[in-house]
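Trainee: I would like to understand the labels people attach to a model like this one. Could we go through them together, with the reasons behind each?
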Amino acid sequence: MDSNNNLLQGNHAALWHGRFSEGPDKEAVEFETSIYVDSRMALDDIAGSIAHVKMLGTQGIISMEESSKIQSVLEEIKNEIDSGKLTIDNSAEDIHSFIEAVLTDRLGDTGRKLHTGRSRNDQIALDERLYLRRVIPDLQNEIKKLVKTLKHIAEQHLDTLLSGYTHMQRAQPVSLAHHLCAWIWPLIRDYERLSDALGRIDYSPLGAGALAGSGLPLDRELTAEILGFSGVTPNSLDTVCDRDYCIEFVSDFSLIMTHLSRYCEEVILWSTEEFKFINLSEKWSTGSSIMPQKKNPDFAELIRGRTGLVFGNLMALLTMMKGLPLSYNRDLQEDKTSLFAAFDTVSSCIRVFTSMIQTASWNKEKMKSSCYGGYANATDLADYLVKKGIPFRKAHEYSASCVKLAIGKKLNLEDLSLEDLKNICPVIEEDVFDILPPEHCKEARQTTGGPANSKVAEQLELIENWLKN
């Protein structure tokens, strides 16, 4: 058999070959095939086909006997793929063609009735939705594991002092627990964005056909019910020509990677000799091929680097879609490459980050030392003056003058004498020294969401309730 004409021969003929007398060039076949990418949706494709053929039988479009036979063989194919008994043939054009070819090999003309009332356009739109509906909950579970891990660490560090930073300058005292909660909440939002996106794909595209539905008496609502969708897509043309759901999920993946990358940036900084806040496990560090002393945070760096790959996947999808006229165009075949690559990257990065942070240790003394030397208690001095009746803008000036004096004397604020402080603002009394230690600064911030232990405990309770629900 001429390899250039394989797609036009026998049961393995391309699904579109009818009006062609000559097969495509071998290089053309290799260029257009998508089975290397879409084979991961084999079981989803079969699930959709089983629902479709059930509906065909129920509607009398094919006989119930034929419907039952096709369903039975599709189940066999599913089990054989699942067990590894049946290997997917990568010479097939796509996963739809492969499954239909195997079915036809086993059932002959009866198998050829499977595609009645269906196009590959609505078929792939269904497969992608079924695939996402199947794998996104797994990704959400990985996010939950990370949230649980960070919460567990935070619970052990309510009293571990740490300077918060703005502009990479020491700002105000917080706790490691408070900081880790600031890592958790974006992850919770990431989880919820994925749930929102799942809700928007909860509509069956089957029956939309190539773009204009079908002249056969299809029951779209029945296939939707069989597959567990809440309804059907309302417009057949829109159903097959848009990939906004792929863009939305990869956008969500990009946000997850943005958050992981920022956390990794902090881990990388904190693991330096200059910070020494965190000590990564040797299981999640590497060395140098030339410098024997090195212990490098390579996995955090790799996550940070792979963020760019996911951003690239998002840009590829947006660029692919931006100029496409309605309805279907073959450009849309490329959606899966970006979607699957982004999903694989974000899934692996979440798992690695969880293990890396779970096995790390924290240097409490170094973190506490960051609360000294940078005048992180200057705002607390201003607040003290406000409580004495001084307007905040004036209190701010007085506090800044105290900082200036301390810098000149090379002292911390709390090391200035009461006389020094009173010379700047006479209302300052001995009790000022009670409010300047970093522990007090942290505990003084009792507003909801603040770093005081009781407020962080409230956050941790909210996080625990979220995990339970």
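Mentor: Gladly! Helices here are DSSP runs of H or I with at least four residues, and strands are runs of E with at least two. Counted that way, the chain comes to 19 helices and six strands. Keep in mind that this is a predicted model.

Trainee: How do you know that the chain departs from a compact globule?

Mentor: Set the two values side by side. A compact globule of 469 residues would have a radius of gyration near 23 Å, while the chain has 31 Å. The box filled by its C-alpha atoms, taken along the principal axes, is roughly 100 × 55 × 40 Å.

Trainee: What share of the residues counts as buried?

Mentor: Of the 469 residues, 49% do. As for the surface, the chain exposes about 22400 Å², and carbon and sulfur atoms supply 51% of that area. Among contacts between residues at least 6 apart in sequence, 73% join residues at least 24 apart.

Trainee: And how many charged side chains are there?

Mentor: There are 51 positive and 68 negative ones, and the centres of the two sets lie 5 Å apart.

Trainee: Let's pick a residue. Why is E128 called buried?

Mentor: Buried means under 20% relative accessible area. E128 has 0% relative accessibility, so E128 counts as buried. You will find E128 in helix α6, residues 120-155.

Trainee: What makes the pairs of E128 with R243 and Y245 polar contacts?

Mentor: The cut-off is 3.5 Å between N or O atoms, one able to donate a hydrogen and the other to accept it. The side chains of E128 and R243 are joined at 3.3 Å, and the side chain of E128 meets that of Y245 at 2.6 Å. Both pairs are listed as polar contacts. Setting aside residues up to four places away in sequence, E128 also touches others, including M41, C246, D335 and K336.

Trainee: Why is N377 called buried?

Mentor: The relative accessible area of N377 is 6%, which is under the 20% limit, so N377 is buried. N377 sits in the loop between α13 (364-369) and α14 (378-387). Its side chain reaches the backbone oxygen of L436 at 3.0 Å. Beyond four places in sequence, N377 is in contact with L413, E414, L436 and C441.

Trainee: What can you say about phi of Y375?

Mentor: Phi of Y375 is near 60 degrees, a positive value in a residue other than glycine. Most residues other than glycine have a negative phi. Y375 is in the loop between α13 and α14. With a relative accessible area of 19%, Y375 falls under 20% and is therefore buried.

Trainee: Is H167 buried or exposed?

Mentor: Exposed means over 50%. H167 has 75%, so H167 is exposed. Phi of H167 is near 55 degrees, again a positive value in a residue other than glycine. H167 lies in the loop between β1 (161-166) and β2 (169-175).

Trainee: One last item: which peptide bond is cis, and where does S327 lie?

Mentor: The bond from L326 to S327 is cis, with omega near 15 degrees. Most peptide bonds are trans. S327 is placed in the loop between α11 (298-321) and α12 (335-358).

Note on methods. Residues numbered from 1 in each chain as written. Predicted model: local features only at pLDDT ≥ 70, side-chain atom pairs only at ≥ 80, totals over all residues. Heavy atoms only, no water. Rg over C-alpha atoms; globule rule 2.2 N^0.38 Å. Buried < 20%, exposed > 50% of the residue type's maximum accessible area, 1.4 Å probe, protein only. Contact = heavy atoms within 4.5 Å. Areas by Shrake-Rupley, 256 points an atom, 1.4 Å probe, with all protein chains shown as cover. Lys, Arg positive; Asp, Glu negative; His and termini not counted. Charge placed at Lys NZ, Arg CZ, Asp CG, Glu CD.
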